[in-house]
Amino acid sequence: MGPAHEGGKALLFLYRRLLRSCATYPSKNRLGIYEAIREEFRENVSLDPEAYETKQKIAVAYKGLTQLRMYDEVVLSKGNPNSPNWEV
């Protein structure tokens, strides 16, 4: 397994985390966000992983994941959704 395979695994992991975080995001437009993530990844599946544009898109995806996870109960409660001790 070469570096390209490892990068593909990391992107797949990022994609899955984005979709899972989107599922718990408190928004009326949750489904729209979910579909936009899926569409964006599908449109860009054939981009060169070493290209500057691709790296920029990946950086934006990580920033989006951070923003989605700000509202994730599991992250805020450190794994215990029944915990009243949320940390922001």
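**Aromatic pair, helix α3 and Pro 26**

Colleague: Why is Phe 41 called partly exposed?

Modeller: Phe 41 has a relative accessibility of 25%. Buried means under 20% relative accessible area, exposed over 50%, and partly exposed in between, computed with a 1.4 Å probe on protein chains only. The value of 25% therefore places Phe 41 in the partly exposed class. Please note that this is a predicted model, in which local features need pLDDT of at least 70 and side-chain atom pairs count only at pLDDT 80 or more, while totals for chains, interfaces and linings use all residues. Residues are numbered from 1 along each chain as its sequence is written, and side-chain values use heavy atoms, without hydrogens and water.

Colleague: What makes Tyr 15 buried or exposed?

Modeller: Tyr 15 has a relative accessible area of 18%, so this residue counts as buried.

Colleague: How many aromatic pairs does a search of the whole structure find?

Modeller: The search yields 1 aromatic pair. Its members are Tyr 15 and Phe 41, whose ring centres are 4.8 Å apart. Rings of Phe, Tyr and Trp (its six-membered ring) pair if their centres lie within 6.5 Å.

Colleague: Why is the pair of Tyr 15 and Phe 41 called tilted?

Modeller: The ring planes of Tyr 15 and Phe 41 stand at 50°, so the pair is tilted; planes under 30 degrees apart count as stacked and over 60 as edge-to-face, with the rest tilted. The pair also links distant parts of the chain, since Tyr 15 belongs to helix α1 and Phe 41 to helix α2, 26 residues apart. Helices here are DSSP runs (H or I, at least four residues), numbered from the N terminus.

Colleague: How do you know whether the span of α3 agrees with its number of residues?

Modeller: The 18 residues of α3 should span 26 Å (1.5 Å times one less than the number of residues). The end C-alpha atoms of α3 are 26 Å apart, so the two values agree.

Colleague: Which residues of α3 are buried?

Modeller: Thr 54, Ala 61, Leu 65 and Leu 68 of α3 are buried. They cover an arc of only 65° around the axis (taken from the directions to the C-beta atoms), so they lie on the same side of α3. Turned away from that buried side is a face with the exposed residues Tyr 52, Val 60, Lys 63 and Thr 66.

Colleague: Why is Pro 26 called exposed?

Modeller: With a relative accessible area of 53%, Pro 26 passes the limit for that class and therefore counts as exposed. Pro 26 is located in the loop between α1 and α2. Its C-alpha atom is separated by 7.2 Å from that of Tyr 71, 45 residues apart along the chain.

Definitions and conventions:
Helix = DSSP H or I, 4+ residues; strand = E, 2+ residues; numbered from the N terminus.
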